[in-house]
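Welcome, and thanks for taking a look. Below is a short tour, grouped by topic, to read with the structure beside you.

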Amino acid sequence: MAIQKGRDISFNGAEEQRNISAIASWKHLVFLGSDEATQSHGNYIQLFEKSGDDFTAVAQGLIKLDDQEARRDDGQETLPEIDLEGLAVEGSSLYAIGSHSAKRKSVDATDKTREKNRKRLMSAAEKQPSRDSILKIELNDDGTPKSIARTSLAAYLDKTEPFKSHRFVASKENGVDIEGLAVKDEYLYVGFRGPVLRGNYVPILRFKFDKPPIDEDLFFVNLEGRGVRDLIVVKNGFLVLAGPVGDASLSYRIYFWNGKDQVPGKDVDRGDLDSVLKPVGDLPLPEDGGQWKAEGVTLLTETEQAWELIVVFDGSSRGSFYTVDVV
């Protein structure tokens with residue numbers, strides 16, 4: 001079996017119980033991110049340590065991500081959401097990224113009239129500047145933050161196709177939507193849930209953190225109609241967690257990607273192209289996880305035979321172990 005589900009994991013003391021959107025592991029610690037800001041903490045990352053078979057929140061383990069200057073004049077702590085979707089660690093640097101997405105209000109059959117719901121559908125999607133965030137957090141030995149630097153991909157996306165044409169499209173309607181983040185040799189790899197382009201090609205952007213980001217390079221992979229939900233570094237490449245862009249009935253699938261471009265052409269060797277992306281298998285969801293959405297993945301161990309992963313889900317405060325056969 002290519003992918004075998006292990007036991008579920010509890011994150012004891014998690015501040016966010018239903019909207020885990022990103023995970024990264026470092027030493028004996030795990031960082032969790034949420035895509036929804038809270039009234040008490042604003043936007044944050046929470047730190048956990050191994051505790052028996054599960055993980056427990058570290059005391060004083062909240063990394064708050066909001067600029068003090070951005071706080072509202074009335075003193076409330078509720079701030080626009082960064083829509084945190086990706087976490088990755090290399091060395092003592094923790095990187096976090098917002099979705100850089102636009103938003104349209106969804107239809108609400110419970111509280112809204114038909115006319116109000118029609119107005120929602122007919123309104124323009126709006127860009128959310130607070131989501132255009134990339135953060136580099138230098139860590140102390142205990143995982144607490146030493147410093148936080150900020151940058152953004154907004155200017156690059158606004159001027160570069162295929163993103164430029166999708167910047168005012170709502171994220172769940174095939175607009176720009178960053179969901180995956182990995183880091184290798186100081187290069188950040190950003191995976192897009194959308195747009196999924198004609199022929200099912202999905203962009204992955206590589207760049208170095210700077211103000212603004214530098215040394216950009218764009219790759220395309222074919223995820224069979226899916227978008228990137230997350231990606232992690234493994235030996236000789238990456239594992240890509242892929243899933244539906246919107247509400248399509250597609251499985252969550254793991255692929256091995258060697259880090260190269262998958263666009264075909266008469267000048268491209270077919271054998272080289274076939275080695276770029278390999279499907280590993282569909283992700284078995286927890287038995288009670290019919291409405292859960294696989295949002296983040298991190299690597300725990302790697303051998304010549306298998307990768308051991310933790311996957312976290314939007315819709316649950318739990319995660320699950322998975323063993324994946326090396327391809």
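Helices and strands here are DSSP runs, numbered from the N terminus, with at least four residues for a helix and at least two for a strand. With that naming in hand, Glu186 can be placed in the loop between β12 and β13. Please keep in mind that this is a predicted model. A search of the whole structure finds 18 salt bridges, and the largest pocket has a volume of about 960 Å³.

**Backbone features**

- Glu186 has a positive phi, near 70°, although this residue is not a glycine.
- With a relative accessible area of 52%, Glu186 is exposed, because the cut-off for that class is over 50%.
- Gln60, also not a glycine, has a positive phi of about 60°. Gln60 sits in strand β5 and is exposed, at 76% relative accessibility.
- Glu161 and Pro162 are joined by a cis peptide bond, with omega about 10°. Pro162 belongs to the loop between α2 (154-159) and β12.
- Another cis peptide bond runs from Lys211 to Pro212, and its omega is near 0°. Look for Pro212 in the loop between β14 (201-208) and β15 (214-222).

**How β1 pairs with other strands**

- Six bridges connect strand β1 (residues 3-12) with strand β22 (residues 318-325), and the pairing is antiparallel.
- Within that pairing, Gln4 faces Thr323 of β22.
- Strand β1 also runs parallel to strand β5 (residues 54-64), joined to it by two bridges. Here Asn12 has Thr56 as its bridge partner.

**Salt bridges**

- Side chains of opposite charge can pair when their charged atoms come close.
- Asp158 and Arg167 form a salt bridge in which the closest N and O atoms are 2.8 Å apart. Asp158 is partly exposed, at 32% relative accessible area, whereas Arg167 is buried, at 4%.
- Which residues share a network of salt bridges with Asp158 and Arg167? They are Lys127 and Asp132.
- Arg193 pairs with Glu179, with 3.1 Å between the closest N and O atoms. Arg193 is in strand β13 (residues 187-194) and Glu179 in strand β12 (residues 177-184), so this salt bridge ties together parts that are 14 residues apart in sequence. Both of these residues are buried.
- Glu224 and Arg226 meet in a salt bridge at 3.9 Å, N to O. Glu224 is partly exposed, with a relative accessible area of 40%, while Arg226 is buried, at 4%.

**The largest pocket**

- Rolling a probe the size of a water molecule over the atoms shows where empty space is left.
- The lining of the largest pocket is made of 28 residues. Those nearest its centre are Ser106, Ser171, Lys172, Lys293 and Asp314.
- β8 and β20 (293-302) are the elements that give two or more residues to this lining.

**A nonpolar patch on the surface**

- Val107, Leu121 and Met122 make a nonpolar surface patch of about 330 Å².
- Where does Val107 lie? Val107 is in the loop between β8 (102-103) and α1 (114-122).
- Val107 counts as partly exposed because its relative accessibility is 44%, and that class lies between the cut-offs of 20% and 50%.

Methods: Residues are numbered from 1 along each chain as its sequence is written. This is a predicted model: local features need pLDDT of at least 70, side-chain atom pairs count only at pLDDT 80 or more; totals for chains, interfaces and linings use all residues. Side-chain values use heavy atoms; hydrogens and water are left out. Patches are made of residues with over 30% relative accessible area and no salt bridge: like charges are joined within 9 Å, nonpolar side chains (Val, Leu, Ile, Met, Phe, Trp, Tyr) within 5 Å. Accessible areas come from the Shrake-Rupley method with a 1.4 Å probe; for residues, only the protein chains shown count as cover. A salt bridge is a side-chain nitrogen of Lys or Arg within 4 Å of a carboxyl oxygen of Asp or Glu. Buried means under 20% relative accessible area, exposed over 50%, partly exposed in between (1.4 Å probe, protein chains only). Two strands pair if DSSP finds at least two bridges between them. On a 1 Å grid over the protein atoms alone, a cavity is a set of points where a 1.4 Å probe fits but cannot get out, and a pocket is an open set with protein on both sides within 12 Å along at least five of seven lines; lining residues have an atom within 4 Å of a point. Grid points are joined across faces, edges and corners, and a volume is the space filled by probe spheres set on the points.
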